[in-house]
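Please open the model in your viewer and keep the selection panel at hand. The tour goes from stop to stop, saying what to select and what is there.

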Amino acid sequence: MTAKRNVVIIGSGPAGLTAAVYTARANLEPVVLEGEPSSTSDQPGGQLMLTTEVENFPGFPEGIMGPDLMTRMRSQAERFGADIRTQKASRVDLTVHPFEIWVDGPDAPEPTFRADSVIVATGAQSLMLGLPNEARLLGFGVSTCATCDGFFFRDRDIAVIGGGDSAMEEAIFLTKFARTVRIIHRRDSLRASHIMAERAQANEKIRFIWNSTVSDVIGKTSVERLEVQNLQSGKTSTLEVTGLFVAIGHRPNTDLFKGQLDLGPDGYLRTQPGSSRTNIDGVFACGDVQDSIYRQAITAAGSGCMAAIDTERWLEAFHHTPTSH
Amino acid sequence: MGEHITTVSGSSFDETIKSATEPVLVDFWATWCGPCLRLAPILEEIATDKAGELQIAKLNVDESPDIARRFDVMSIPTLILFKDGLPVKRFVGLQGKRILLEGIAEFL
């Protein structure tokens, strides 16, 4: 049986859950598809589930752990009646109205939900290098979550690849455990914010390997060493480390909407300036899936609020249009 | 914690996986691991659904780093299924209920 809903929110990071709090308080009885957890695709709660201390979310002067913050947002949405499902949206049809959303089996003849409006908050996920041995050794020395795995590298020599804020944050965190941390970066300067770059450069356990990338990960059952390629000379060298933390950036999770929602040249969902509207009436987008510039928890939450208000107003106008029923 | 989930550490770990009559799914976790906390309610559901067919035991890697090391755990959450005292199946990273149930089905 297909259930009819006012609004289905896809995603459960700061954007999706803020949209859930607002639409639930507006009595729109939102469904939130938070995703089916898996190490390679969905991450209910979003990227903050993989971080430690969040120091810059207003209202937490002492800082708050990322997973704690997300648990609180989720409880807040539930308090107002948001219907949060630990399920994956496997297919959407936004060419018909009400919009159709499938959960789990994309081949089922009938969609799981029909919804008057959809809020897309699918976020972004970590990019990997794409090396075969990197995938094989994921969880065996290759990691995308310093906070989860740092503990296992006590007194070891390890490497972080990347030059942005998340790479610096991971490297600094990892110095609590590791003997040394090498940061491998493809350029000769960091993309990270000034404060994070300074902290990393001041840390005596951290050394930088500039203008370089990892060209292979070597190890039988766990990481034993890396092959590092200098991008200027093309020469490769060996780096003796037992851990590799990958923090080379993110890509927006837009696969579900290919061919239906407009993407910008950078691959992010396109929204109309100053609003959360997409190219389809009644479909709104918020958070990192549509933000290639700021990508902060607070901007994601802010845009989730915008999407909820845009949705509420759109639904009101829609229900008052005589031809809509 | 659900009534079907036990906590193991040090010596009780070996005791549990050797003496159990049904397979034991051991959850290597820690309080500081966000995805581990997210996995906990999923395991409680599985423990209730599979009561009598499967035991679930939680092992805190902070308290028992030696056992984590013995099984080469380098990333958490890691789940290892033990049958007749031997590891037969391993899941690394946060997984959903459906994936876990499919993965352990052949050993129950």
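**Stop 1: a strand-to-strand pair**

Select A:Glu100. This residue is buried, with a relative accessible area of 14%. Keep in mind that the model is predicted.

Now add A:Arg114. A:Glu100 and A:Arg114 form a salt bridge, and their closest N and O atoms are 3.2 Å apart. The pair links distant parts of the chain. A:Glu100 sits in strand β7, residues 99–103 of chain A. A:Arg114 sits in strand β8, residues 113–120 of chain A. The two residues are 14 residues apart.

Is A:Arg114 buried or partly exposed? A:Arg114 is partly exposed, because its relative accessible area is 24% and the buried class ends at 20%.

**Stop 2: a buried glutamate**

Next, select A:Glu170. Look for helix α5 of chain A, residues 165–174, which holds A:Glu170. A:Glu170 is buried, yet it has no salt bridge.

Which side chain of opposite charge is nearest to A:Glu170? That side chain is A:Arg191, and it is 12 Å away. A salt bridge requires a nitrogen and a carboxyl oxygen within 4 Å.

Show the surroundings of A:Glu170. Leaving out residues up to four places away in sequence, A:Glu170 touches A:Thr144, A:Ala146, A:Phe245 and A:Ala247.

**Stop 3: one turn of a helix**

Go to helix α2 of chain A, residues 66–79. Select A:Arg74 and A:Glu78, which both lie in this helix. They are 4 residues apart, about one turn of the helix. Their side chains meet in a salt bridge, at 3.6 Å from N to O.

Check how open each partner is. A:Glu78 is partly exposed, with a relative accessible area of 40%. A:Arg74 is also partly exposed, with 22%.

**Stop 4: over to chain B**

Select B:Asp49 and B:Lys97. These residues form a salt bridge, with the closest N and O atoms 2.8 Å apart. This pair, too, links distant parts of its chain. B:Asp49 is in helix α2 of chain B, residues 34–49. B:Lys97 is in helix α4 of chain B, residues 97–104. They are 48 residues apart.

Both ends are partly exposed. B:Asp49 has a relative accessibility of 45%. B:Lys97 has a relative accessible area of 27%.

Which residues do shared salt-bridge partners join into one network? Select A:Glu34, A:Arg74, A:Glu78 and B:Arg38 together to see that network. A:Arg74 and A:Glu78 are the helix pair from the previous stop. Over all chains, a search of the whole structure finds 21 salt bridges.

**Stop 5: step back to chain A**

Now show chain A as a cartoon. Its secondary structure comes to 7 helices and 19 strands. Along its principal axes, the C-alpha trace spans about 70 × 45 × 30 Å. The radius of gyration of chain A is 21 Å, which agrees with the value near 20 Å for a compact globule of 325 residues.

Colour chain A by burial. Buried residues make up 51% of the 325 residues. Among the contacts in chain A with a separation of 6 or more, 60% are between residues 24 or more positions apart.

Switch on the surface. The accessible surface of chain A is about 15,100 Å², and 49% of it belongs to carbon and sulfur atoms.

Last, colour by charge. Chain A has 31 positive and 39 negative charges, and their mean positions are 4 Å apart.

Methods:
Residues are numbered from 1 along each chain as its sequence is written. Chains are lettered from A and ligands numbered from 1 in the order in which they are written. This is a predicted model: local features need pLDDT of at least 70, side-chain atom pairs count only at pLDDT 80 or more; totals for chains, interfaces and linings use all residues. Side-chain values use heavy atoms; hydrogens and water are left out. The radius of gyration is taken over C-alpha atoms; the globule rule is 2.2 Å times the number of residues to the power 0.38. Buried means under 20% relative accessible area, exposed over 50%, partly exposed in between (1.4 Å probe, protein chains only). Contact means heavy atoms within 4.5 Å. Accessible areas come from the Shrake-Rupley method with a 1.4 Å probe; for residues, only the protein chains shown count as cover. Lys and Arg count as positive and Asp and Glu as negative; His and the chain ends are not counted. The place of a charge is taken as NZ of Lys, CZ of Arg, CG of Asp or CD of Glu.
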